[in-house]
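Reader: Please take a close look at one part of this model, and then work outward to the rest of the chain. Keep to what can be checked in the coordinates.

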Amino acid sequence: MGEIQRPGALYQQVAAEIRSGIVAGEYRPGAPLPSEAQLIDRYQVSRPTVRKAISALRAEGLIEVIHGKGSYVRALPAPAVTIERTITRSGKTFRTGHHAWQQVEAPTVYRTTTTATTGPLLGLAEGEALFAVDRLLSDPRTDTRALHRVLIPFATADEAEQLSEAPDAEPEQIYAILTAAGHKLTWDETVSARMPLPDERATLQIPDATPIVHAARVTLGTDRRPLILEELRASADRAQLAYRVTADSPRALRAV
């Protein structure tokens, strides 16, 4: 191929050509890209232009650079672990899909307030007082990490005295406490993906240019009043979420 003729900066043109080759299957997952010298010769551009193009594709997550070996098309294997998000109940006992995960460190309990994001999910204005509990979890089989956060409004804790005394109760225990307080529970859940914040990337040990999957679960009580908010974050290349729904079961959990 001779000199390229695409609109945009020259390195963007080179990146677009390589990207097209990846999409078309010219460069297969796990396969090496041509060397810098070969790309310079192919596209008739300078070495800095090629390096900027490679850097842009790396930032997109399409390629990975292995020191001393070169650039490779990034393989996209199936996630290492499936997190079952369905909540089950047997008598007074609740069970969630990550109950068997190990805690990497002791939970962090602190007080915080609702934000422009968490407030509407809890039916509260911004700045309302909350208990917060952060947990770093690890799947014992794959070492996949997940961040789990519980936000408990003070009003909910006032209804269930045990939550005021021990806000760091496990989610299954919180469901049991709220049920004992007279609530018939249902759950709404929203799942999204985004790029991680720097501290999330470090804590979850996420590779560069890899998004996280973010699940926000609201536990609803009587009259569908929001009681608590749970957030689960994990690397999208390591974890996938699963939900079980049967035609004859009540819609206890709604995934949006």
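**A helix and its setting**

Author: Helix α1 covers residues 10-24, and its 15 residues reach 21 Å from the first C-alpha to the last, close to the 21 Å expected at 1.5 Å a residue. The expected span is 1.5 Å times one less than the number of residues in the helix. Helices here are DSSP runs of H or I with at least four residues, strands are runs of E with at least two, and both are numbered from the N terminus. The model is predicted, so local features need pLDDT of at least 70 and side-chain atom pairs count only at pLDDT 80 or more, while totals for chains, interfaces and linings use all residues. Residues are numbered from 1 along each chain as its sequence is written, and side-chain values use heavy atoms, with hydrogens and water left out.

The buried residues of α1 are Gln13, Val14, Ala15, Ala16, Glu17, Ile18, Gly21 and Ile22. Buried means under 20% relative accessible area, exposed means over 50%, and partly exposed lies in between (1.4 Å probe, protein chains only). An α-helix has 3.6 residues a turn, so residues three or four places apart point the same way. The buried set of α1 packs against two helices, α2 (36-43) and α3 (47-59), and against two strands, β1 (63-66) and β2 (70-73). A contact, here and below, means heavy atoms within 4.5 Å. After α1 comes glycine 25, with a positive phi near 90 degrees.

A glycine with positive phi also follows another helix. In α7 (residues 171-180), the buried residues are Pro171, Glu172, Ile174, Tyr175, Ile177 and Leu178. Glycine 182, just after α7, has a positive phi of about 105 degrees.

From α7 the contacts lead to a strand. Threonine 219, in strand β11 (residues 212-220), touches Tyr175 and Leu178, and its other partners include Leu185, Thr186, Trp187, Pro226, Leu227 and Ile228. Neighbours up to four places away in sequence are left out of that list. Threonine 219 has a relative accessible area of 0% and is therefore buried.

Leucine 229 belongs to strand β12 (residues 226-235) and is likewise buried, with a relative accessible area of 0%. Leaving aside residues up to four places away in sequence, leucine 229 touches Thr118, Leu121, Leu122, Arg149, Val150, Leu151, Ala216, Arg217 and Val218. One of these partners is distant along the chain: leucine 121 is 108 residues away in sequence, yet its C-alpha is 7.5 Å from that of leucine 229.

Leu151 also appears among the partners of threonine 112, along with Glu128, Ala129, Leu130 and Ala132. Threonine 112 sits in strand β7 (residues 108-113) and is partly exposed, at 27% relative accessible area. Its C-alpha lies 8.5 Å from that of glycine 127, 15 residues along the chain.

Three loop residues are worth a look. Aspartate 143 lies between β8 (129-138) and β9 (145-153); its phi is positive, about 65 degrees, although it is not a glycine. At 55% relative accessible area, aspartate 143 is exposed. Arginine 224, in the loop between β11 and β12, is another residue other than glycine with a positive phi, near 55 degrees, and at 42% it counts as partly exposed. Arginine 244 lies in the loop between β13 (239-242) and β14 (253-255), is partly exposed at 48%, and touches Glu84, Thr86 and Thr88, residues up to four places away not counted. From arginine 244 to threonine 118 the C-alpha distance is 26 Å, over a sequence separation of 126 residues.

As for the whole protein, it has eight helices and 14 strands. Its radius of gyration is 23 Å, well over the 18 Å that the globule rule gives for 256 residues, so the protein is more spread out than a compact globule. That radius is taken over C-alpha atoms, and the rule is 2.2 Å times the number of residues to the power 0.38. The C-alpha trace spans about 75 × 40 × 35 Å along its principal axes. Of the 256 residues, 39% count as buried. Among contacts between residues at least 6 apart in sequence, 60% join residues at least 24 apart.
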